[in-house]
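The following exercises concern contacts between chains and between helices. Each task is followed by a solution in steps.

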Amino acid sequence: MTGEMRAQRAGGAGGDGGAGRHDGARGHGGAGAVELARRAADDILGALAALSAGTPGPAPGSAGAGSAGAGEAIAGRGLVVDSPPGAGKSTLVARAALRLAGAGEPVMVVAQTNEQVDDLAVRLASLSPQLPVGRLSAADYVQTERVARHPRVTVGRQPADLSGCQVIVATAAKWASLTGDAAWPWAIIDEAYQMRSDMLLRIAGRFGRALFVGDPGQLDPFTVVRTERWTGLPWDPQVSAVAVLLAHNPGLPVRQLPVSWRLPASAAPVVSEAFYPFSGFMAGTGPGERSLSFQAAGFGAGPADEAIELAARDGWALYEMPARHAPRTDGEAVAACARLAERLLARGAIAVSELAPGGRPVTGDRIAIGTAHRDQARAVRQALRDLAAAPAGGAAGPLAAELGRVTVDTANRLQGREFDVTIVLHPLSGRVDADEFHLESGRLCVLASRHRHACVVVARAGIPELLDAHPSREPVHIDVPARFPDGWEAHHSVMAHLAARTVRAW
Amino acid sequence: MNAVEARLDRLRGSAAPRAHNARTISALASNPGCARRAVMDAAGVDKQRVAAHVGHPAPFGQSQFAITRGNAFEAQVKAGGCAQLLRLLRERLRLPIPEVSYANLDDVAGDTSNKVRHARTRALLARAAASGQDAGTLFDHPLLRLRAGGRAVYLEPDLIAFQLRGRFHVVEIKSFAVIDGQADGGKVAAAVIQSAVYVLALRDLLAELGTGPEAVSDEVVLVCPKDFSNEPTAALLDVRKQLTVLRRQLARLDRIEDLLAQIPQAVTFDLEPDAAGVPRRDRRALELAIGAVPARYTPECLETCEMCRFCREEAAGSTAALGRATRDDLGGIDDIGTVLELARGSVPPADHQAEAAAAIRAAARMRGEILGATG
Amino acid sequence: MSVLTALARAQAWQAGRAQPVATVRHVHVAPRPFVFVPLALAGEACAPLAAMAGDDPADPRLLVVAQPRNRTQRFAFAAELGRELLRYIGGFPAGGAGEEGAGAAADRGTAGQGAGEGGEGERAVPPDAPQVWLPNRAGIGFTRLLGRSTRFRRAEGEHAVDPVVPVLGRWLTFLAERSEHPGSCLMLAATEALALHWATGQSPAEDLNLASLIGWIDPPAWTDGREAARAAEDPLAWPPAGPATDPGFDNEVLARLIAACDRAEAGGGEAARAKAALGEALAGQLEPAWRLTWRAIGLLRALPEGGHVAGRWEADRRAFGWHAAHLRDGGPPQPRRDSAVAAARRLDSMERAAASLAVQRALDDPLVMAEHRLAGEALAGRVTAAEPDRVITGPSGRRVLRPLVTVRTHDPVSVEPGTVLAPPGRPNQHARVESVAPLGARGAGMAGASGASGASGASGAGAGAAGETEVVLELSGGMGQRLTPAPGSVPGVGDWVCYATLRDEYQPPAGFPEPEQTPWTHGGPPRPYEPTDEDAREAWS
């Protein structure tokens, strides 16, 4: 019973006890991290192979990562892999697909957006140039250049068009729209925590076994229909595919990728503690392995320069503006976001990392500004255009062009993306009160985990007080596992870390 | 802390302090930003009486039918040494509970004083905790204590605790129905946070005895009638989230001095009852005293706080009184009059209002254009 | 919610009267609706205490349960309500099966297999359908539970009940479920229907009180909305509109009268008098809500109907026809909970309905469209230039009619060149944005090539409200077959026009597996629901 209780409570966060937990692994790590990540990946691929063969077999080198799940995996029909931000999820998906296809098992790969499908198709084709990769697409799909470049990627409307392909990639929506009863022994479902369970219902008949890969810390799927009609049902169509899968298959092993290759040593512990309280992960690089420096000094440095310098040193900075209730598109906060991006570019930030030991300029396309709402993103884009039209420093041409390359988008649309430096307009900045949307832990998690080097959070003062004053009156439902982390708590945790890294803008 | 206690006593005046219970503690989380409520609760003020005296009694009442039903259900579940409860724990939740005994801690040899009852609770639980694995006892109505607002308060004992494999579990019996596996989310939430108060209090008590917090499970058992029957059913509920919230709100309540420091020394909510207990306090004076402590009114208060009608009256004309979403949509501008002046463009917006004002003016223009000038 | 509705609330507070947030009626109002005002006994899951029901405002049927904990009396209440409701529903021929009323299904057996829900079969759509009004959403919740507690009962066997009881349960379940379907009007809550059309000077939480809401919308001549709404909170003057009773009434009146009924029953005498006293007291609690619900219907009926309301009502009529046929064919009662496939299908259907409703309301109602204009998803303004006869060479080399119109607007425009818009009311016409140019004085730094940033409160909106924007649109489609536009199909200079990104497009239902094909991820095929004796004799205490 207790085991059952735990599995239900933990929800997606690791139903199989020890496997995939690295309680001692918070922190960061160099060679240890490489080894840990390799073992975890090998363990997962080994478990897949064993599942595929249908016979119990030891998962090689699984001692460190815990092998309790290997035996269960044989009995089950699949495997769930939780991947924290930047932990090599896409690589795992590609390697798993190739491993299965190599063993003669055709694989359907399910992604959530066309862009993700293109990414995966290209990655698969690059990893194994001999393997023909199929890309299923809707009638109105326009082939992207990167897909066209790969001769081994074939685009088709129907599986029949792709008969030579052992691996076929398509969006969930495309898989769901197929007619006929074509089926695959294996499916790999990417971003499974962002897929709604009703979508899984539509495609699950097409595969025998499946590997579900995703990041449990990001945003939950969404519906505009407000009803409690299905609340508490194990097959609630409004929850994530993984939640429903595990509710029906509590024995299914859940593994974890233990190392984030994206987040720097300054960010991994913060993000791990706030958003992955039960599993934890470590940074792939140690404290000294990455650095951010500036080519130009900040003459008469203002608070914006102070903030980016602090972030360059420490990995984080809170650019704090005077407390005030403001509309969503708070003009000052929006301008501050744009201004910080401009200072980063004008100062010629250089990022040194294991990927670029000699340093690489942080160009506009390596910077993202993240917001909670679309209108905020629009306002920031406008502010960037305004700056580009009349940049303060006067170095109009190249700087203006770089400003135009900065990515500005909402948390939803930044999911899965990676930058050197991010500037985050805090979801609670300027608000009178917090609500479910703005407190959602997944939103803050996405915003706070896109960067390889540094993250500057822009907010009006008063967020900790706002959180303290937040009434706790969310309904609780029977048979619905409590969601962890709680957004309120995660916000507190992040603000606590930022408190000592505050630069006042006034 | 004595100065604080003295100050709180003065605020309350001649009345005896209201006893805390799990409901009042959990209410800390329902509008934690409200200084008025925090101060009145910390002082143990009878808010219902105060509200009534200033002419705004809270619209709360409980039907005797609901009370009867609740009591009958609880009695039924506990009858015969909790026979139904045990069956549920074993069958429905499949807990391997051995033979158990039942200890009712309602009174100690006829002594119903809190002090005696708490001592007895403490002694029994200490013995159970020390005996290791399964003491096999259901503890009914244990009297627990919790530190809140700088003082220890006794909690009305409205629970059963039992021990299984060395861990205590809290059982909460409620009379709202679970129909086809679903119950009212608001009622479950209230039950869960009350249970969390007990979990916290139990942990406090065991901590005094040198036992760690893991000795009390953060999963509680909720017992409710099933479907349309009197048959009980049980569910396990995770209270970890609620524990975090409560811990933080209790910690804030311990900093009540900060709030008290901002209130004029002379303020008191004393009703100045005469010999017959009839309040004689000048109504206007009491209103001023209440007004001296800032409130944070939202329409949700109408369901949770005895002061709600008074605060609503006070908040009339503010955008907060129109609801959170409305206030938010109006860019956080506090005053309805200001909103309408900005809408008409009859006053220039202050710098910090410029954006909100622009949106309001655009909306006003559209409404005018569609509904005619009178809109 | 939006700044538009928020402003309307502020205006309502100032004016002392609710302000319109719709210019047309977005719900269907039946010529002969049925009003149901239930009261439940406090503390119980679903113990009917009394109800007023009927389709004649002047002649409500009062139903009273003298001892709400008595099972026999509960079923008697259900049977009586069932006869009243089925008489009403029976007045609507339910399509496809001759002229026979749906209520006749009450007399049929329960053998055979039903068609189930959702099959988009070619059944004739019934010409009309019943419409049931409750005072509020809680009333619909009570209806759902009453349906749940009665639909599994059986007319024969050990625990036999009046045959009308399970039929009532199935209709109540159908209606309550349908009320969750976006845009459906088979069962409505008066508070929700009113709140869709008026904003009051109080909070949405307080709008849940029907008396107070109507106090704002239609205050008595001698006072204003604020006063009327406050007065409506006095439970002595305005008892709550159910299903929960006023605790004061319970403790001071009801307990005594129920006890008197019990005593009279036991002692044999005085029974009629005790019951009459109880009935009178309960009628006093119910009558205000009964009258208010009819007033709500009247207030809504007075509004002009929106263009798409009839279309949505047709979907309701079709659903009514299906359910009537399902009953007639002896189909099983609705299960306790949806299976995996049924849940997913229903969610899909609800999502499509919600999307369609949102677009249709905007197309029908300029006040709703204004929300989209504020969000930058639509724009309205005056035509300052038009080139109606412009003909260009299309991509295929053919000469095509592509008129240009220039619209000058105050709206915060966020559409970019290349965006395709559509004018409400001309579903076949497209308008491609050619250029967007801000005019007049703009705030510093606001001169963006593609206009001010968008939505409510955007930093550009301030300057945008002072300045204007000129948008050039290229029209195509909906202008006839020739190279000159059909009369009236292209706006002229000085015309007031609106273009929006919204489009009411039919979305086909998503494909789901058959229930017996439910995959392992969702628990595998469910056992089909078989009504059991257990269900039929379920305790209702």
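**Exercise 1.** In this predicted model, determine how much area is buried between chain B and chain A, and which residues of chain B supply much of its share.

*Solution.* Step 1: the area buried between chain B and chain A is about 3,700 Å². Step 2: carbon and sulfur atoms give 50% of this area. Step 3: the contact involves 44 residues of chain B and 40 residues of chain A. Step 4: Lys241(B), Arg324(B) and Glu355(B) together supply 16% of the area that chain B buries against chain A, more than any other three residues.

**Exercise 2.** State how many salt bridges are found across the interface of chain B and chain A, and examine the pair Arg431(A) and Asp328(B).

*Solution.* Step 1: five salt bridges are found across this interface. Step 2: in the pair Arg431(A) and Asp328(B), the closest N and O atoms are 3.0 Å apart. Step 3: a salt bridge requires such atoms within 4 Å, and Arg431(A) does form one with Asp328(B).

**Exercise 3.** Describe the interface of chain B and chain C in the same manner.

*Solution.* Step 1: about 4,600 Å² is buried between chain B and chain C, with 63% of it on carbon and sulfur atoms. Step 2: chain B contributes 50 residues to the contact and chain C contributes 59 residues. Step 3: Phe65(B), Phe228(B) and Arg367(B) supply 19% of the area that chain B buries against chain C, more than any other three residues. Step 4: ten salt bridges are found across this interface. Arg312(B) and Glu233(C) meet through their side chains in a salt bridge, at 2.6 Å from N to O.

**Exercise 4.** Classify the arrangement of helix α6 (residues 114-130) and helix α7 (residues 185-208) of chain B.

*Solution.* Step 1: the two axes come within 10 Å and cross at roughly 70°. Step 2: angles of 65 to 115 degrees count as roughly perpendicular, and α6(B) and α7(B) are therefore roughly perpendicular to each other. Step 3: α6(B) makes the contact through residues including His118(B) and Leu125(B), and α7(B) through residues including Leu202(B) and Glu208(B). Step 4: by class, this contact has five nonpolar, two polar and two charged residues.

**Exercise 5.** Classify the arrangement of helix α6 (residues 210-217) and helix α9 (residues 271-301) of chain C.

*Solution.* Step 1: the axes come within 10 Å and cross at roughly 40°. Step 2: α6(C) and α9(C) are therefore oblique to each other. Step 3: their crossing is left-handed. Step 4: the contact includes Ile214(C) of α6(C) and Leu292(C) of α9(C).

How values were computed. Residues numbered from 1 in each chain as written. Chains lettered and ligands numbered in written order. Predicted model: local features only at pLDDT ≥ 70, side-chain atom pairs only at ≥ 80, totals over all residues. Heavy atoms only, no water. Axes fitted to C-alpha atoms, helices over the stretch in contact; angles between N-to-C directions. Helix = DSSP H or I, 4+ residues; strand = E, 2+ residues; numbered from the N terminus. Parallel < 35°, antiparallel > 145°, perpendicular 65-115°, else oblique. Left-handed = near helix turned anticlockwise from the far one by under 90°. Contact = heavy atoms within 4.5 Å. Buried area = accessible area lost by both parts, 1.4 Å probe. Nonpolar A, V, L, I, M, F, W, Y, C, P; charged D, E, K, R; others polar.
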